[in-house]
Structure formats: C-alpha cells, structure tokens
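Q: Can you walk me through the reasoning behind the terms used for this structure? Short answers, please.

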Amino acid sequence: MADFSAKFYANFIKDDRWLGLVTGLKVTIIVTIEALLLGVLIGFIIAIIRSYHDKTGKFKILNAVSRFYLTVIRGTPTMIQILIMYLVVFGSSSLDSIIIGGIAFGINSGAYVAEIIRSGIMSVPEGQTEAGRSLGLSYSQTMWLIIVPQAFKNVLPALVNEMIVLIKETAIIGYIGEQDLTKAAMIIQSRTFDAFMPLLAAAVIYLALVMLLTFFMNKLERRLRTNER
Amino acid sequence: MSDKLIEVKNLRKVFGENEVLTGITTDIKRGEVVVIIGPSGSGKSTFLRSLNLLETPTAGTILFEGVNITDPKTDIDLHRQKMGMVFQHFNLFPHKTILENITLAPVVLKKMTKEEAKKKAEELLERVGLLDKADAYPEQLSGGQKQRIAIVRSLAMDPDVMLFDEPTSALDPEMVGEVLELMKQLAHDGMTMAVVTHEMGFAKEVATRVVFMDEGQIKEQGKPEEFFEHPKDVRLKEFLSKIL
C-alpha cells in the first residue's frame, strides 16, 4: 500500500504531473470534436451525393470522386493519413498540429460516417419519399424533413460507435507532436520510469469519456424512440 | 376552360425489357370517378403512378389542367400539389404526429400559415372522426385509421384530383369499409378521383366510369352498369368471372 501511494505520488502529484494528463485530455477532446464536426459534414455530403446518384443517375463525376475518397480513406491506415497530412500536405505550413490532426481525423471519419448515413437513408422505405414528393415537396425538402430524421434515428447506434472509435483513435496524434492524453501518459512514464500508473490513468480516462458519451447517446436514442409506439 | 382535367396521350412505360404500358390514351374529366381494374401485372398501378410522374413515362404526354407535365421543363412539384395521392401502404410519416403529418406540406409549401393549416387539419380530422388522434403517432393507429389520415393529408392540400393506388389492399377486411365510406363521401362531394382497386362493389356503386386494363392497355371502359352487365372484351369477361 505504501508502495502504491509512493508510486501514485511520483506519477501524479509530484511536480504537478497530473496537470499533463488534464492538458492531454483537453487536446484529445478538442481533436475529437474537430474531427467529429468535419467528419459528419463530409459524411453527410458524400452520403447525399451517393444516394442521389443511386436514385437518379445524376452527379456522375461527384459520385466517382466520392467513391475514390471512400476507397482510399478506408483502404489505408489512419496513421499513414495523419503523417501525410502533417508532413506532406501541411509540411510547409505553420498550422497548429491540433488543427492538422482534427482535419486528418475528420477526413478519415467522414468516410465511415458517409457509409453509415447512406445506409440510414437506404433504410427508410421508398414509400416515404413517394409520399413526400406526391404532396408536392421537392427532393431536398423531402430529404430534410422526412428521410433524414428517420435515417438519423436508425443509424444513431452506428454513429455512436464511430464516435467511440474516433475518440480512441486520436491517441495516435502524438506522432505529429501533439500532447494528447496518451502522449501525456507517456511523458510521465519517461520521467518516472513507471509505465503502469500513467497508462492505467489514461485508460481509465478514455473509458470514462466513452461511457459518458454512451450514456448521453442512449438518452437521446430513447427520447427519439418514444415518438413511435 | 376544358372540362378535361387530365389528358393522357399514347403513354408508354418500359422497365428494362418489359413494356408495362403499351400506349394509353384517355382522359379524366372534372368530377369523374374513374375506377381502374385489371389483373395484377396489367400496368394499372404504373398507369396511376404515371399520372403524377412518380413513374417517369418512357414516351407519350400527360396534360394536367392543360399543362404538359411530361415536359422536363415543367415544375412537377407545383402540379403535384394539386394531385393528391393515397398509397396502398399509407406511407404516413412515422416520426411526425397525425397533426404534423397533415400540416407539414401545406405549411412548408407556404399554402397556409401554421394556424390556418392546423385549423384546416382539425376540421378534416373532425370530419373523419379522428380529431382525438391529432397528437398520436401513426404507429398508434389501426390500418383503417392510418389510411383515413393519409386521405386527409392529401385533402389538406386542396387537390383538384385524388389518385388512389389500391387504398384498401393492405387493410384487414373489417377496416376496408371505413376507408371506402370516406372515399364515397369524397366522390359525393364532387372530387375528381382515379382509383385502382379490387373492390368491385365500390366500382359499381361509386364509379362514373370503369376502366379495364390488361397487358399495358385499356381493353374496355364504360359506365359501371354496362361494363359489368355486358362486358365485351374476352379478357374482361374472364377477369370478371373469376372475381365476381
């Protein structure tokens, strides 16, 4: 026990080392939020383009670009993507790596979100579109008011899953010099030569983050469901 | 103004190799109740769905209130506002309340303010005896109630014609009556209607004209008495003998 408290002191209390974890957590959260917003935006646009193309045959070029994007992003490691973004695309730019990371993760997540949303749109019966259009609503009015709300409800669990993956995946942002939660734990380890304590602390914080997110999303899901039956 | 509300000229529809409509020419006059019958696969639903361009015709023209709606330059959304449609599977919006289902289109399309649409919806709900369901969701209703709401949803747009695509085919038998009753009332009030159905009783009683379709064509049409008592077409005779 005395050993434990000594270790705890050395890893977290001494030199205010816990502050590193707090700053790291902030970075993790900021990058996740950036990536989430960008990912949902990209995902949504791609999903609309693809669904519209599937239905009408229009948007041929945009659809081809979308498919290329999906293939490349889903077919290569996130790690490579983020390094390319940092060292090549923004290699000569002075842009903060927390922004570059957000962009890289956002572009990555967008590919997965796109397919999730597209499957949601496809899950809404064709009759819903026909009902909307037969009342005189335009394609986009029908999409926004009738299809997307139902699609969103159907894919919320899958979207939550993608958000969870995203939170944890940001752990590799340390490779482009950003001090997120994981990197902060490794920094403590490099000072104290104790790996267990800081890594355990980081793991517990990730777990808490994910559980918190899941809790709120379950609530949202229940609220959306009460509308029906 | 012409008394022809809808004029169909040489309408053809091809799905892949399959020619579903092989050239239909007919019209629907104001106040007419046209009941379309025929064996499954005869193209009757496709024909009805072509009238508001839910199916894009392969060839031919459709004039609605004198406007060629098959012309790609025509804003079909505008004309669809005047053509109500009722589906076999109701297609109510499950994420909206009954009241929202009815008021959505009139408000979004700026035909009415929110208050006007609500008032109109409540009047219509009162008329079909479902005012107490205004705040319910579609899932909480029976099939017959859903279909009556679907009809009300179309009526809220003040359409000039109502298209019914097998409106009672998905209903339990004991609920068919309430929907047909409402449709009868509409016909009685002078609504122009085109109805694809298997309900021969409805056709005999309410139709001003019955149309028999087979193999993508109109094989015979006429007033119900004549049509049912003295059918001429061989296929129609065969069809009637099977179902009557």
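Q: How many bridges join strand S9 of chain B to S10(B)?
A: This is a predicted model, so every value here is computed from it. Five bridges join S9(B), residues 209-214, to S10(B). Two strands pair if there are at least two bridges between them, so S9(B) and S10(B) count as paired. They run antiparallel. One facing couple is B:Asp214 and B:Gln217, the latter in S10(B).

Q: What makes S6 and S10 of chain B edge strands?
A: Each pairs on one side only. S6(B) covers 83-86 and S10(B) covers 217-222. The open sheet has six strands, in the order S6-S7-S8-S3-S9-S10 of chain B. Its pairing is mixed. From one strand to the next, the twist averages 20°.

Q: In which sense do S6(B) and S7(B) pair?
A: They pair in the parallel sense, over four bridges. S7(B) spans residues 161-165. Within this pair, B:Met85 stands opposite B:Leu163.

Q: Which way do the residues of S6(B) point?
A: B:Met83 and B:Met85 point one way, B:Gly84 and B:Val86 the other. All are buried. In a regular strand, side chains alternate between the two faces of the sheet.

Q: Which helix lies across S3, S9 and S10 of chain B?
A: Helix H9(B), residues 234-243, does. H9(B) runs at about 100° to S9(B).

Q: What makes S1(B) and S2(B) a pair, and what do they form?
A: Nine bridges link S1(B), residues 4-15, with S2(B), residues 18-29, in the antiparallel sense. At least two are needed, so the strands pair. B:Val14 stands opposite B:Glu19 of S2(B). The two strands form a hairpin with two residues between them. In the turn, B:Gly16 has a positive phi of about 60°.

Q: Which strand do five bridges join to S1(B)?
A: That strand is S4(B), residues 59-64, and the two run antiparallel. B:Ile6 of chain B faces B:Phe64 in S4(B).

Q: Why are H2(A) and H5(A) called oblique?
A: They pack at an angle of about 40°. Under 35 degrees would count as roughly parallel, and 65 to 115 as roughly perpendicular; about 40° falls in neither range, and therefore H2(A) and H5(A) are oblique to each other. Their axes are 5 Å apart. The crossing is right-handed.

Q: Why are H2(A) and H3(A) called oblique?
A: Their angle is about 130°, with the axes 9 Å apart. Roughly perpendicular ends at 115 and roughly antiparallel needs over 145, so H2(A) and H3(A) are oblique to each other. This crossing is left-handed. Residues making the contact include A:Ile42, A:Ile46 and A:Ile49 of H2(A), with A:Leu62, A:Tyr69 and A:Leu70 among those of H3(A).

Q: Is A:Arg17 buried or exposed, and how do you know?
A: Its relative accessible area is 14%. Buried means under 20%, so A:Arg17 is buried. The residue is found in the loop between H1 (2-13) and H2 (18-56) of chain A. Leaving out residues up to four places away in sequence, A:Arg17 touches A:Ala10, A:Asn11, A:Phe12, A:Ile188, A:Arg191 and A:Thr192.

Q: Is A:Asp15 buried or exposed, and how do you know?
A: A:Asp15 has a relative accessible area of 60%. The cut-off for exposed is over 50%, so A:Asp15 is exposed. It is found in the loop between H1 and H2 of chain A. Phi of A:Asp15 is positive, about 55°, although the residue is not a glycine.

Q: Why is B:Glu65 called partly exposed?
A: Its relative accessible area is 30%. That is neither under 20% nor over 50%, so B:Glu65 is partly exposed. B:Glu65 lies in the loop between S4 and S5 (67-68) of chain B. Its phi is near 50°, a positive value in a residue other than glycine.

Q: Which residues touch the most other members of the largest nonpolar core?
A: They are B:Ile6, B:Ile36, B:Phe47, B:Leu48 and B:Leu51, out of 50 residues. The largest share of this core, eight residues, comes from helix H7(A), residues 139-169. A second, separate core has 49 residues, including B:Phe90 and B:Val128.

Q: Which residues is B:Ile36 in contact with?
A: Beyond its neighbours within four places in sequence, the contacts include B:Phe47, B:Leu48, B:Val211 and B:Met213.

Terms used
Residues are numbered from 1 along each chain as its sequence is written. Chains are lettered from A and ligands numbered from 1 in the order in which they are written. This is a predicted model: local features need pLDDT of at least 70, side-chain atom pairs count only at pLDDT 80 or more; totals for chains, interfaces and linings use all residues. Side-chain values use heavy atoms; hydrogens and water are left out. Axes are lines fitted to C-alpha atoms, for helices over the stretch in contact, and angles run from 0 to 180 degrees between N-to-C directions. Contact means heavy atoms within 4.5 Å. Buried means under 20% relative accessible area, exposed over 50%, partly exposed in between (1.4 Å probe, protein chains only). A nonpolar core is a set of buried Ala, Val, Leu, Ile, Met, Phe, Trp, Tyr and Cys residues joined through side-chain atoms within 4.5 Å. A crossing is left-handed if the near helix is turned anticlockwise from the far one by less than a right angle, and right-handed if clockwise.
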